[in-house]
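Me: I am new to reading protein models and would like a close look at one helix and its surroundings. Please go slowly, and connect that part to the rest of the chain.

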Amino acid sequence: MSLKQRAQLLREKLFNVFGDTGEKVIAAKAAGRVNLIGEHTDYNDGFVLPMAIDREMVLVGQANQERVIRLYSADFDTSAEFSLDNIVSDAEDTWTNYPRGVIKLLMEAGHRVVGMNVAMSGNVPQAAGLSSSAALEVGTAYLTHLVSRFELDKVEMVQLCQRAENTFVGVNCGIMDQFISGLGRKDHALFLDCRSLDYELVPLPAGDEYKIVICNTAVKRGLVDSAYNERRSQCEQGVAGLQQFLPDIKALRDVTVNEFSQYKDNLDELVAKRCQHVVAENQRVEDSVVALKDGDISHFGQLMNQSHASLRDLYEVSCRELDLMVELAQAIDGVVGARMTGAGFGGCTVNLVKADAVEGFLAQVPEKYEEKTGITPEVYVCTAMDGAVEIGL
């Protein structure tokens with residue numbers, strides 16, 4: 001079903017649930033994402049290379065002449081509402097806290113938000129590390145700007161959505177998810193400097209030659225919160241230790257591979273392992289951009305493989321199921337690169353696969369994974385799409 005058809009169905013749902021206010025109906029979408037390379041670099045002021053995927057949140061809205069936001073989720077067949085004059089967190093309908101936080105921060109930023117009725121539906125897999133929450137936040141912000149008719153710079157928009165998740169929802173996420181959900185471009189990855197927010201669109205190989213295949217291990221990321229905080233702390237310890245020799249550095253992104261090699265023996269052994277991953281991963285992202293621009297897809301695949309090995313052995317955020325999924329993929333002819341993606345301890349792998357090898361991949365990898373684990377995985381063949389855009393009705 002096309003985006004336009006999905007939006008038209010949501011328009012019918014909107015009218016069925018809330019009635020027709022007579023105002024113009026507007027539709028928008030924001031994309032889910034997969035990070036191709038650059039893991040655990042974002043909170044070290046480093047580099048990432050995500051792409052927006054063809055799994056998205058679609059929202060349809062209509063102004064309602066009241067100071068009220070009414071929301072309907074077609075996925076959960078449930079509705080909720082809140083006043084623009086008193087936006088507070090909802091402990092019961094927690095899914096509404098993402099749009100609540102975004103709209104509250106839009107108003108605090110001085111934007112004139114009008115009351116509206118909204119129907120929404122998404123096909124970004126939940127809890128798979130593909131940023132369904134960022135797609136909801138960015139989709140809400142983009143639709144609100146269209147319905148309320150105020151100007152909204154996209155970089156300002158994604159920063160605001162990140163703040164909403166940090167301060168209103170209470171999740172300490174980085175900027176990457178919202179950034180790519182808002183600013184992704186069809187047939188491109190996005191090279192993002194997480195410190196300066198400078199970004200560059202990087203062309204991906206043609207979709208008729210290569211596909212991005214995402215494999216969801218269906219393993220919930222149980223350890224991620226405590227391990228995430230521990231890794232952040234270890235990186236900060238590493239920076240403090242290295243500053244004795246490199247006084248100008250502020251984060252691990254300021255340390256070159258050669259500098260780290262020179263001074264790593266002065267760090268605690270475990271801290272050094274964590275830092276080695278981050279320093280090398282930043283270099284791999286920069287090398288990946290060069291490889292993609294040069295059309296050296298084989299080298300990009302090698303960098304993906306190296307990234308997984310580093311996340312497994314140095315950063316130690318992989319798990320048995322992720323490692324198995326990567327090993328099964330790497331054994332298939334036509335798989336150029338494979339790695340875990342996301343925070344780790346479960347979630348997804350991302351694989352760069354020659355188009356003519358995708359059928360064999362789909363026939364072998366899920367079956368062998370289930371055979372060895374007893375778990376049925378989900379597999380998504382994806383292409384790089386635009387981030388946040390209006391959908392013509």
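The part I have in mind is helix H11, which covers residues 358-373. Which residues of H11 are buried, and what covers them?

Reply: Please keep in mind throughout that this is a predicted model. It helps to begin with the whole chain, which contains 11 helices and 12 strands. Its radius of gyration is 21 Å, close to the 21 Å that the globule rule gives for 393 residues, so the chain is as compact as a globular protein of that length. Taken along the principal axes, the C-alpha atoms fill a box of roughly 65 × 50 × 40 Å, and 56% of the 393 residues count as buried. Among the contacts with a separation of 6 or more, 72% are between residues 24 or more positions apart.

Now to the helix you asked about. H11 has 16 residues, and from its first C-alpha to its last it reaches 22 Å, which is close to the 22 Å expected at 1.5 Å a residue. Its buried residues are Val358, Phe361, Val365, Pro366, Tyr369 and Thr373. They cover an arc of only 90 degrees around the axis, which puts them on the same side of H11. A general rule helps in reading such a list: an α-helix has 3.6 residues a turn, so residues three or four places apart point the same way. The face of H11 turned away from its buried side carries the exposed residues Glu359, Glu367 and Glu371. When you follow the helix to its end, you come to Gly374, which follows H11 and has a positive phi, near 80 degrees.

As for what lies over the buried side, the cover of these residues includes strand S8 (210-216), helix H10, strand S9 (335-341), strand S10 and strand S11 (378-382). Two of these elements can be looked at through a single residue each.

In H10, which runs over residues 320-330, consider Glu321. Its relative accessibility is 14%, and because buried means under 20%, Glu321 counts as buried. Leaving out residues up to four places away in sequence, Glu321 touches Thr217, Val219, Tyr369, Thr373 and Ile375. Two of the names in that list, Tyr369 and Thr373, also appear among the buried residues of H11, and this gives you a specific place at which to view H10 beside the helix.

In S10, which covers residues 348-354, consider Cys348. With a relative accessibility of 1%, Cys348 counts as buried. Once its neighbours within four places in sequence are left aside, Cys348 is in contact with Ala128, Leu130, Ile214, Cys215, Asn216, Leu322, Met340 and Thr341. Sequence separation and distance in space can also be set side by side here, since Cys348 and Ser121 are 227 residues apart in sequence and 22 Å apart in space, C-alpha to C-alpha.

For a comparison from another part of the chain, turn to helix H1, residues 3-18, which has 16 residues and reaches 22 Å from its first C-alpha to its last. In H1 the buried residues are Arg6, Ala7, Leu10 and Leu14, and they cover an arc of only 95 degrees around the axis, which puts them on the same side of H1. The cover of these buried residues includes strand S1 (25-37), strand S2 (47-63), strand S5 (116-122) and strand S12 (389-391). H1 is followed by Gly19, whose phi is positive, near 85 degrees, just as H11 is followed by Gly374 with a positive phi.

Finally, aromatic rings offer another way of seeing how parts of the chain meet, and a search of the whole structure finds four aromatic pairs. One of them is formed by Tyr43 and Tyr228, which are edge-to-face at 5.1 Å centre to centre, with 70 degrees between the planes. Tyr43 lies in the loop between S1 and S2 and Tyr228 in helix H6 (residues 224-242), so the pair ties together parts that are 185 residues apart in sequence. Tyr43 counts as buried at 14% relative accessibility, and Tyr228 is buried too, with a relative accessible area of 18%.

Definitions and conventions:
Residues numbered from 1 in each chain as written. Predicted model: local features only at pLDDT ≥ 70, side-chain atom pairs only at ≥ 80, totals over all residues. Heavy atoms only, no water. Helix = DSSP H or I, 4+ residues; strand = E, 2+ residues; numbered from the N terminus. Buried < 20%, exposed > 50% of the residue type's maximum accessible area, 1.4 Å probe, protein only. Contact = heavy atoms within 4.5 Å. Expected span 1.5 Å × (residues − 1). Arc of directions from axis to C-beta. Rg over C-alpha atoms; globule rule 2.2 N^0.38 Å. Phe/Tyr/Trp six-rings, centres within 6.5 Å; stacked < 30°, edge-to-face > 60°.
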